[in-house]
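Dear colleague,

Please find below the structure that I am handing over to you, together with its sequence. My notes on what was found follow directly after it.

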Amino acid sequence: MSMRTRITTKMFRLIFVRFKPMVPIFVGLCVGFCLSLICYPPVMDSSGGDVGCPGLDNLISGRSKSKKMVADSGLYGTDADGNPLTAEDFEPVLRTGNDPKVNQPKYSTHTVVRTRYVSAELGIREKLFVGVIVKGDIYPESTAIGINKTLGHHVTKLVFFVSEKQAQHENMEIVSLGGDQAIMSVFRVWDYINTQHGKDYDWYLLVSDTVYIYGGALMDFVGQMSLGHDVYMGMPVLDEDMDVTYCKKEAGYLLSSNLMLKVGEHWNECMERAWSRLPDLEVARCIKQFSGAHCSNSFEGSVYRAYNFADKVLTSSEYEDKRLQEALAVYHVIDQRSMYKLHKFSAEMALNRTYREISSLQTSIEEASQYAPPESRKVTWPTGYPPPFNTTTRFEVFNWEYFTMTHIFGTSDQEPKSLLRGADKMDIDEIVTTAMGRLNEKYENAFTLGRLINGYRRFDPTRGMEYTLDLELKMVSQKKSIQKRVHLLRPLNKVEIIPMPYVTEQSRVTLIVPVQVESREQLKLFMDVYAKACIETHDKSSLMIIFIYSPTQAQTMASEDVFKKAKSSVSYLEKRHSGAQISWLSVKTTVPSLVALMDVISTKFSDNVLLLLTNVYTEISVEFLNRVRMNTIEGWQVFFPIPFAQYDPEIIYADSPNPGYISIVKGAGIFDNSLYEHGSFYREDFVTARKLWDEKHPGVGTDHIQSDLDLFEMFLNAKVHVLRAVDPSLKQRYKERFCRPTLTEERYHQCLASRAEGLASRSQLAKLIWSLEKKV
C-alpha cells in the first residue's frame with residue numbers, strides 16, 4: 001500500500017471518529033423526510049388520476065389542493081343556516097375603518113329576564129292569603145277592625161273587600177270592587193284574588209266580617225296539610241237537587257293553590273252563568289265544573305271545625321264547651337267586644353298548651369339523660385335550653401353588670417355608675433317582680449320583699465339575659481328575715497323578620513351643612529373631602545351650605561361679611577366642578593337649633609327629597625351615603641347615626657405626630673351617643689313630624705327648641721320608625737363644644753358631661769395631668 005493511500009485512509013478514519021455522533025441525527029432526518037412524503041395523502045387532479053410529488057412545487061400545490069379536499073369532506077362543519085363552511089371562512093381578514101361593514105349572520109338571542117326576588121324565580125309561595133268580605137262600613141268599633149287586630153299579625157296577607165269605596169285605615173288593605181248583588185260580589189272577590197295573587201300563596205281563605213279565627217291555630221292548621229291537591233274545605237252542606245256539596249260562607253272556606261290554578265280563569269264565566277240566590281252554592285258549582293272537587297271538612301286528618309256564636313254571652317260554661325275549644329272558626333260574632341274576648345280565650349288556651357308541651361319535653365329530657373354517656377348526663381338549667389357559652393380565651397368573657405334598685409354599674413368604661421332608668425329600670429323591676437312571684441308560688445305566699453341586696457346580669461348570645469339576685473325576704477308568719485339567691489333567665493325568642501319597604505342605593509341625597517362663625521375655617525376642608533368623595537366619583541348627591549348669622553352679624557353683612565372668604569371657596573368649587581350641585585343660603589337666627597333651621601330649609605325642597613343633616617367636621621364617604629339611602633325610608637323610617645368622634649389631637653398626639661386622618665382604634669376617639677347633629681329623613685316626614693310637634697306644644701313656636709336632641713325627640717313622637725345606631729363609616733373630627741346656659745338643667749349637665757368625655761380617654765387625661773404636675 002502506497003504512502004498516499006495510507007494517508008487517505010487515516011484521514012477518513014479521523015473524520016469518521018469525529019463525526020460519528022452525528023450519524024444517527026443525519027439518518028433520522030433522512031428517514032423522517034421520506035416518511036413525510038410517503039404518508040402525505042395523494043391529490044386528485046381534474047381527470048381523476050393521482051398526481052405525484054415530483055418536487056417542491058408539486059408539494060406546495062398539493063397542500064393547497066388538499067385543503068379544498070378536506071373542506072369538501074365536511075370537516076369544517078356548517079353555519080347557523082346549515083350551509084357548509086370552507087377553509088376561507090377561517091382565514092384571518094384585516095379590517096380597517098374604511099372597509100364596508102359585512103353583514104354578519106343574525107343569531108336568535110333570547111334575553112333572560114331575572115326576577116327581583118329568588119322566591120319568584122324558584123316558584124316559592126307564601127303560606128296563606130285571607131280575604132274578608134265586609135258588609136257595612138268600616139269604623140273604629142266595627143268587627144273588621146277587630147279581625148285586623150287579632151288576625152293581621154299572624155297571616156301572610158289580609159285584605160278587606162268592600163262594596164263601596166271607603167277611607168283607608170291604618171295598617172289595613174281595603175279593596176273596593178263594587179257590585180250590589182251578593183253573588184256578583186263573591187265572584188269579583190275571587191277574580192281579584194286570582195288576578196293579583198293567584199300564584200303567590202299556597203292557601204286562600206275567604207270569610208265574612210262576622211267570623212273570628214285565632215291566627216296561631218290557623219297557621220298551624222294549613223301548615224300540616226300537603227300541597228298539590230284540589231282542596232275545597234269548610235263546613236259542608238249537601239244540595240240534593242243539584243248534587244253539589246258546598247261550604248257555608250258564614251263559617252268561611254279554604255281553597256288550595258292547585259285548585260285555584262284550575263278554576264281561577266273561569267270565575268267571570270261562572271258569574272255570568274250563575275242563577276241561584278246562594279253565592280256559596282254557585283261557587284261550589286263552579287269549582288265542581290272545572291276541578292271536580294266537593295266541599296269537605298277534613299283532609300289528611302285535619303278537620304275544619306266551626307262554632308256558631310249566635311246569641312252567646314261567653315259565660316264560664318261556654319268557655320268549657322269542647323266545641324268552642326276545638327273550633328277553628330267562630331262565626332256570627334256581631335260585635336267587636338265579643339271578638340276580643342274570644343281572642344283572649346284562644347290566646348290563653350294556646351299559652352297553656354305551650355306550657356304543658358314545654359313541661360312534658362323537660363320531663364322527657366331529664367328521664368332520657370339517665371341513659372346518656374357519663375359526660376353528657378348533666379342537664380343544664382333551665383332544662384331544654386342551650387348551656388352557657390364556654391369561653392376559651394379571656395377576650396370571650398362576658399362581663400356581669402351589677403345593679404341595685406336605683407343604680408347600675410359597669411355598663412360602659414366612660415360611665416361606671418349610672419342612674420337606673422328607662423328600659424333598664426323596667427327590666428330590673430320586672431325581674432324582681434317575677435322572682436317574688438315564683439318564690440311565693442313555690443312557698444305558698446310565705447314572703448314579702450324586704451330589699452334587693454345584690455343584683456347581677458349578663459347577656460349570653462346563645463341563651464339570653466341571665467340574672468342573679470340576692471334578696472332579703474320578710475317571712476309573713478314570723479317576724480324575721482332570710483336571704484335567698486335566685487337565678488333567672490330571659491331566653492331569646494324566635495327571631496322574626498320585620499317586613500320593610502324595598503329601597504335601593506340610587507336615591508339622591510341632599511346634604512344640609514350649617515356653618516357658624518366659629519366653624520367657618522373647617523368649611524374648606526369639608527368641601528375638599530366632599531369633592532373627592534362625591535363630585536369626582538359622580539355620586540348622586542347635592543350640597544346646601546347654610547351660613548348662620550347672628551342679628552349683629554346680619555346688620556354688617558353688606559359692609560363686612562364674616563363669611564366672605566367661605567363663600568369665595570364655595571364659588572371656586574362651583575367653577576372647578578361645573579356639574580356639581582352646590583348651593584348656599586344665609587339665615588339669621590338667635591338660637592341656631594336644627595329644628596329652626598329645618599323650618600326655613602324645608603320650604604326649598606319638594607316632599608320626596610332625601611335630606612341629610614350633618615356638620616363641617618364630618619368626613620363624608622360614599623359608604624356612609626349609601627347607608628343613609630338604605631336606612632332612610634320615606635314614610636317609614638328616619639336614620640340618626642352615632643358618629644365616631646375624634647379626641648382632641650393636641651392631647652392624644654402630644655408625644656407623637658398627627659397622622660392627619662381618623663382611625664377607629666382605642667385612644668383615637670369614641671362613638672359618642674350624645675351627638676344628635678347627624679340625621680337623615682325625607683322632607684315630607686319632617687313636615688308631618690313638625691305638625692305633630694306643634695300640636696303637642698301649641699303656641700310656643702321655636703323658643704323652646706334649643707338642643708339638637710329636640711329634632712330626634714320630634715321624630716320619636718311621629719308615626720315613623722327611628723333607627724339609632726353606630727356607623728363606623730361616619731367619622732367626625734374633633735370640635736370644641738359649647739354648652740348654652742339657656743338649656744334646661746338636665747340638658748346642660750348632659751352637654752358638660754359629653755364635652756368632658758370628648759376630650760380624651762381617662763388614661764390619656766391622667767397622663768396629661770401627671771406631666772403637668774411634673775413640670776410644676
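Let us begin at Pro382, which is located in the loop between α13 and β16 (401-403); helices (H or I, at least four residues) and strands (E, at least two) are DSSP runs, numbered from the N terminus. The peptide bond leading from Trp381 into Pro382 is cis, and its omega is near -10 degrees.

Please note that this is a predicted model, in which local features need pLDDT of at least 70 and side-chain atom pairs count only at pLDDT 80 or more, while totals for chains, interfaces and linings use all residues. Residues are numbered from 1 along each chain as its sequence is written, and side-chain values use heavy atoms, with hydrogens and water left out.

Two further backbone details deserve your attention. Most residues other than glycine have a negative phi, and most peptide bonds are trans. Asp243, in the loop between β9 (236-239) and β10 (244-247), is not a glycine, yet its phi is positive, near 55 degrees. His332 also has a positive phi without being a glycine, at about 65 degrees, and belongs to the loop between β15 and α13. Is His332 buried, partly exposed or exposed? Its relative accessibility is 31%, so His332 counts as partly exposed (buried is under 20% relative accessible area, exposed over 50%, partly exposed in between, with a 1.4 Å probe and protein chains only).

The chain as a whole

The chain has 776 residues, and 37% of them count as buried. Its secondary structure amounts to 24 helices and 30 strands. Among contacts (heavy atoms within 4.5 Å) with a separation of 6 or more, 69% are between residues 24 or more positions apart.

The sheets

One open sheet has six strands in the order β5-β4-β3-β6-β11-β8, with mixed pairing; two strands pair if DSSP finds at least two bridges between them. β5 (173-176) and β8 (232-234) are at the edges with a single partner strand each, so each has one side without a neighbour in the sheet. From one strand to the next, the twist averages 25 degrees. Within this sheet, β3 and β4 are parallel and share five bridges, and Phe129 stands opposite Lys157 in β4. The helix α5 lies across β3, β4 and β6, and runs at about 175 degrees to β4 (axes are lines fitted to C-alpha atoms, for helices over the stretch in contact, and angles run from 0 to 180 degrees between N-to-C directions).

Another open sheet has three strands in the order β7-β15-β14, again with mixed pairing. Its edge strands are β7 and β14 (306-308), each of which pairs on one side only. β14 and β15 run parallel and are joined by three bridges; Ala306 has Ala329 in β15 as its bridge partner.

The nonpolar cores

In soluble globular proteins, nonpolar side chains tend to be buried together. A nonpolar core is a set of buried Ala, Val, Leu, Ile, Met, Phe, Trp, Tyr and Cys residues joined through side-chain atoms within 4.5 Å. Which residues touch the most other members of the largest nonpolar core? They are Leu128, Val130, Phe160, Leu205, Leu218 and Leu254, out of 46 residues. Elements that give two or more residues to this core include β3 (126-133), α5 (143-151), β4 (157-162) and β6 (201-208). Another core, of 33 residues, lies apart from it and includes Phe187, Trp267, Val283 and Cys295.

Cavities and a pocket

A search of the whole structure gives two cavities of 30 Å³ or more. On a 1 Å grid over the protein atoms alone, a cavity is a set of points where a 1.4 Å probe fits but cannot get out, and a pocket is an open set with protein on both sides within 12 Å along at least five of seven lines; lining residues have an atom within 4 Å of a point. Grid points are joined across faces, edges and corners, and a volume is the space filled by probe spheres set on the points.

The largest cavity holds about 60 Å³ of space. Its lining includes Ile147, Val207, Tyr212 and Met339, and α5 gives the most to that lining, with three residues.

The second largest pocket holds about 1,900 Å³ of space. Of its 38 lining residues, Gly152, Val155, Thr156, Ile498 and Pro499 lie nearest its centre. α4 (118-122), α5 and β4 each supply at least two residues of this lining.

With kind regards
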